[in-house]
Amino acid sequence: MAFIENWLTTIRTRTVAFIAIILAVAVTAVSCAGGTPEASAPAGIDPSKVADYIHTVLEADRTAYTKHVISRAKVLEGKEKEAGVLDVEATEGWQQTDGIPLPAQMFRLGSEIANEAGYFTYNLISEWYINDNHAPKGDFEETALATMTETGEAVKDYQEIGGQKYYSAMYPDIAVAEACATCHNTHPVHLERYPDKVFEVNDVMGGVVINIPLGDA
Ligand code: HEC
């Protein structure tokens with residue numbers, strides 16, 4: 001019994017010490033916040049940084065999917081891949097053929113789920129879109145896409161849609177591999193819509209656009 005009592009006393013002493021530390025931290029925080037007006041202003045993150053963070057995650061996921069899933073599939077759009085190890089085809093018609101989605105489709109499937117959450121939206125768009133959902137919408141997207149395609153640089157700006165203010169950022173989507181260009185150049189929809197547009201490696205093929213809704217400010 002003595003052992004249990006000692007043990008309880010130790011716990012009580014430690015709990016009191018812990019609460020004292022918490023209170024000390026809270027009092028320090030309150031007294032600091034009451035100082036200069038700058039110190040009491042709400043700490044916000046620059047929306048440009050937020051967009052950069054979101055874009056980093058989106059790019060990382062797309063690259064990881066391409067590198068670690070697509071490159072292990074035996075067949076990519078009907079073409080055999082020697083280094084493939086999984087008996088599965090990565091193909092646009094994955095739902096009809098029990099295959100797996102292409103990276104751009106995987107990206108869109110993710111964006112459809114994330115956009116439902118209502119915090120912000122993102123999309124992969126292009127002047128030379130295969131999928132109609134990837135057409136530029138509104139002034140910002142059209143202007144930014146044209147500027148970005150020409151300069152290869154990201155474009156960021158504020159815009160207002162239906163009374164709601166947004167911070168929008170568009171990042172170039174580059175043909176980093178030969179496969180990006182050849183698959184698009186030979187796609188039946190591309191050939192029909194943009195017969196004169198031939199992508200080459202390092203071309204800007206489109207852009208990732210992120211729209212972050214802002215408060216009344
Ligand atoms: C095997 C074929 C294939 C490869 C390889 C491929 N794409 Fe695509 N890409 C597509 C298809 C099909 C779509 C439309 C997907 C959808 O329905 O959402 C698409 C969509 C896109 C879009 C959105 C605009 C549009 O056309 O709908 C961009 C931008 C894009 N791809 C860039 C790239 C880049 C950059 C690479 C290389 C890193 C790449 N693609 C590799 C087939 C391919």
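Reader: Hi! Which helix does His184 lie in?
Author: Happy to help, and do keep in mind that this is a predicted model. The helix to look for covers residues 178-185. His184 falls within that span, and the helix is α7.

Reader: Thanks! Which protein atom is the donor to the iron atom of the ligand, and how far away is it?
Author: Donors are N, O and S atoms within 2.8 Å of the metal. The protein provides a single one for the iron atom, and it belongs to His184 of the helix we just met. That donor is NE2 of His184, at 2.0 Å.

Reader: Which side chains have polar atoms close to atoms of the ligand, and at what distances?
Author: Let's take three of them in turn. In the side chain of Arg108, an N or O atom is 2.6 Å from an oxygen atom of the ligand. For His134, a polar side-chain atom lies 2.6 Å from a ligand oxygen atom. With a nitrogen atom of the ligand as the partner, the polar side-chain atom belongs to His184, and the distance is 2.8 Å.

Reader: Which element gives the most to the shell around the ligand?
Author: The ligand is surrounded by 25 residues, and among the closest are Cys180, Cys183 and His184. Elements that each supply at least two shell residues are α5 (103-116), β6 (164-174), α7 and β7 (204-213). Giving the most, with four residues, is α7.

Reader: How do the residues of that shell divide into nonpolar, polar and charged?
Author: For context, the space taken by the ligand is the largest pocket. The residues around the ligand divide into 13 nonpolar, seven polar and five charged.

Reader: On to the strands: in what sense do β5 and β6 pair, and which residue in β6 stands opposite Glu160?
Author: Strand β5 spans residues 155-161, and seven bridges link β5 and β6 in the antiparallel sense. The two strands form a hairpin with two residues between them, and Gly162 in the turn has a positive phi of about 55 degrees. Opposite Glu160, in β6, stands Lys165.

Reader: Lastly, which strands are the edge strands of the open three-stranded sheet?
Author: The order in this sheet is β2-β1-β3, with mixed pairing. β1 (residues 73-76) and β2 run antiparallel and are joined by two bridges, and Leu76 has Lys79 in β2 as its bridge partner. An edge strand here pairs on one side only, and the two are β2 (79-80) and β3 (86-90).

Conventions:
Residues numbered from 1 in each chain as written. Predicted model: local features only at pLDDT ≥ 70, side-chain atom pairs only at ≥ 80, totals over all residues. Heavy atoms only, no water. Donors = N, O, S within 2.8 Å, 3.2 Å for Na, K, Ca; no water. Pairing = 2+ DSSP bridges. Near = heavy atom within 4 Å. Polar contact = N/O pair within 3.5 Å; in protein donor to acceptor, adjacent residues only side chain to side chain. 1 Å grid on protein atoms, 1.4 Å probe; cavity = no way out; pocket = protein on both sides within 12 Å on 5 of 7 lines; lining within 4 Å. Sits in = over half its atoms within 2 Å of the grid points. Nonpolar A, V, L, I, M, F, W, Y, C, P; charged D, E, K, R; others polar.
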